[in-house]
Amino acid sequence: MTLGTTYDPNNIFAKIIRGEMPAIKVFEDQDALAFMDIFPQSRGHTLVIPKKAGATNFLDADPADLSVLIGKVRRVAEGVVAALGPDGVRIMQFNGTPAGQTVFHLHFHIIPVFENEPVKRHAGEKADIAELEALAEKIRAALA
Ligand code: 5GP
């Protein structure tokens with residue numbers, strides 16, 4: 001899908017927001033939801049999404065909504081860093097299929113980077129759910 005794609009209310013993240021699909025959540029408030037990426041690029045790869053439906057990507061989003069969302073991204077990133085102690089962290093965001101976007105509900109990636117642990121390919125292998133739960137527990141505790 002290219003830029004300008006119409007928002008599909010049945011995309012996977014919309015279903016997670018509505019509770020129709022499971023997710024391992026680490027943060028939730030009235031504006032945003034953060035949960036573990038199920039095909040993580042690194043230990044602790046977390047996604048932050050707006051709860052409001054309608055924006056497929058960054059360019060599609062209301063700047064006022066983006067300014068609220070970026071504060072949540074920062075907060076969750078701080079929690080991920082405090083919980084897992086990575087050596088670096090990538091904050092990423094893709095727009096349109098040619099740019100690597102695979103889910104068309106606006107989202108930010110928080111990808112902790114650890115020295116000597118290669119970052120895996122995007123949307124690659126499915127994680128072990130018990131491992132994701134354990135990581136999420138640490139991130140939740142850091143955010144509490
Ligand atoms: P995008 O490719 O659109 O930038 O990012 C979508 C992300 O969602 C990918 O990193 C992918 O691994 C992740 N993802 C895809 N389907 C699911 C799912 O059902 N649950 C979770 N938690 N993550 C998903």
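**Close-up 1. The second largest pocket of the predicted model and its lining**. In this predicted model, the second largest pocket has a volume of about 250 Å³. Its lining is made up of 15 residues, of which Pro40, Ser42, Arg43, Lys120 and Glu131 are the closest to the pocket centre. Sorted by class, the lining of the second largest pocket holds 7 charged residues, together with 5 nonpolar and 3 polar ones.

**Close-up 2. Arg43, its salt bridge and the ring of Phe114**. Arg43, which is among the residues closest to the centre of the second largest pocket, forms a salt bridge with Glu117, and the closest N and O atoms of the two side chains are 2.8 Å apart. Arg43 belongs to the loop between S2 and S3, whereas Glu117 belongs to the loop between S5 and H3, so this salt bridge ties together parts that are 74 residues apart in sequence. Both partners are partly exposed, Arg43 with a relative accessible area of 36% and Glu117 with one of 34%. The charged end of Arg43 also sits over the ring of Phe114, at 3.9 Å from the ring centre.

**Close-up 3. The largest pocket and the elements that line it**. The largest pocket has a volume of about 440 Å³, and its lining consists of 26 residues, with Phe13, Asp37, Ile38, Phe39 and Leu47 lying nearest its centre. Two or more lining residues come from each of H1, S2 and helix H3, the last of which spans residues 129-143. Of the elements, H1 gives the most to the lining of the largest pocket, namely 3 residues. By class, the lining of the largest pocket divides into 17 nonpolar, 8 polar and 1 charged residues, while that of the second largest pocket has 5 nonpolar, 3 polar and 7 charged residues.

**Close-up 4. The aromatic pair of Phe13 and Phe35**. A search of the whole structure finds 2 aromatic pairs, and one of them joins Phe13 and Phe35 in an edge-to-face arrangement, with 5.4 Å from centre to centre and 80° between the planes. Phe13 lies in helix H1 (residues 12-17) and Phe35 in strand S2 (residues 32-36), so the contact ties together parts that are 22 residues apart in sequence. Both Phe13 and Phe35 are buried, and Phe13 is also among the residues nearest the centre of the largest pocket.

**Close-up 5. The aromatic pair of Phe58 and Phe108**. The rings of Phe58 and Phe108 likewise form an edge-to-face pair, with 6.4 Å from centre to centre and 80° between the planes. Phe58 is placed in the loop between strand S3 (46-50) and helix H2 (63-84), and Phe108 in strand S5 (residues 108-113), so the pair ties together parts that are 50 residues apart in sequence. The two rings differ in their burial: Phe58 is partly exposed, with a relative accessible area of 36%, whereas Phe108, at 7% relative accessibility, counts as buried.

**Close-up 6. The salt bridge of Asp31 and Lys72**. A search of the whole structure finds 9 salt bridges, among them the one in which the side chains of Asp31 and Lys72 meet, at 3.4 Å from N to O. Asp31 is located in the loop between strand S1 (25-28) and S2, and Lys72 in helix H2, so the pair ties together parts that are 41 residues apart in sequence. Asp31 counts as partly exposed at 28% relative accessibility; Lys72 has 15% relative accessibility, and because the cut-off for buried is under 20%, Lys72 counts as buried.

**Close-up 7. The salt-bridge network of Lys25, Glu28 and Lys51**. The side chains of Glu28 and Lys25 meet in a salt bridge, with 3.8 Å from N to O. Glu28 counts as partly exposed at 42% relative accessibility, and Lys25 counts as partly exposed at 30%. Lys25 and Glu28 are joined with Lys51 into one network by salt bridges that share partners.

**Close-up 8. Asp128 and its separation from Phe58**. Asp128 is found in the loop between S5 and H3 and is partly exposed, with a relative accessible area of 41%. The C-alpha atoms of Asp128 and Phe58 are separated by 30 Å, and these residues are 70 residues apart along the chain.

Notes. Residues are numbered from 1 along each chain as its sequence is written. Side-chain values use heavy atoms; hydrogens and water are left out. Rings of Phe, Tyr and Trp (its six-membered ring) pair if their centres lie within 6.5 Å; planes under 30 degrees apart count as stacked, over 60 as edge-to-face and the rest as tilted. Helices (H or I, at least four residues) and strands (E, at least two) are DSSP runs, numbered from the N terminus. Buried means under 20% relative accessible area, exposed over 50%, partly exposed in between (1.4 Å probe, protein chains only). A charge sits over a ring if NZ of Lys or CZ of Arg is within 6 Å of the ring centre and within 35 degrees of the ring normal. On a 1 Å grid over the protein atoms alone, a cavity is a set of points where a 1.4 Å probe fits but cannot get out, and a pocket is an open set with protein on both sides within 12 Å along at least five of seven lines; lining residues have an atom within 4 Å of a point. Grid points are joined across faces, edges and corners, and a volume is the space filled by probe spheres set on the points. Ala, Val, Leu, Ile, Met, Phe, Trp, Tyr, Cys and Pro count as nonpolar, Asp, Glu, Lys and Arg as charged, and the others, Gly among them, as polar. A salt bridge is a side-chain nitrogen of Lys or Arg within 4 Å of a carboxyl oxygen of Asp or Glu.
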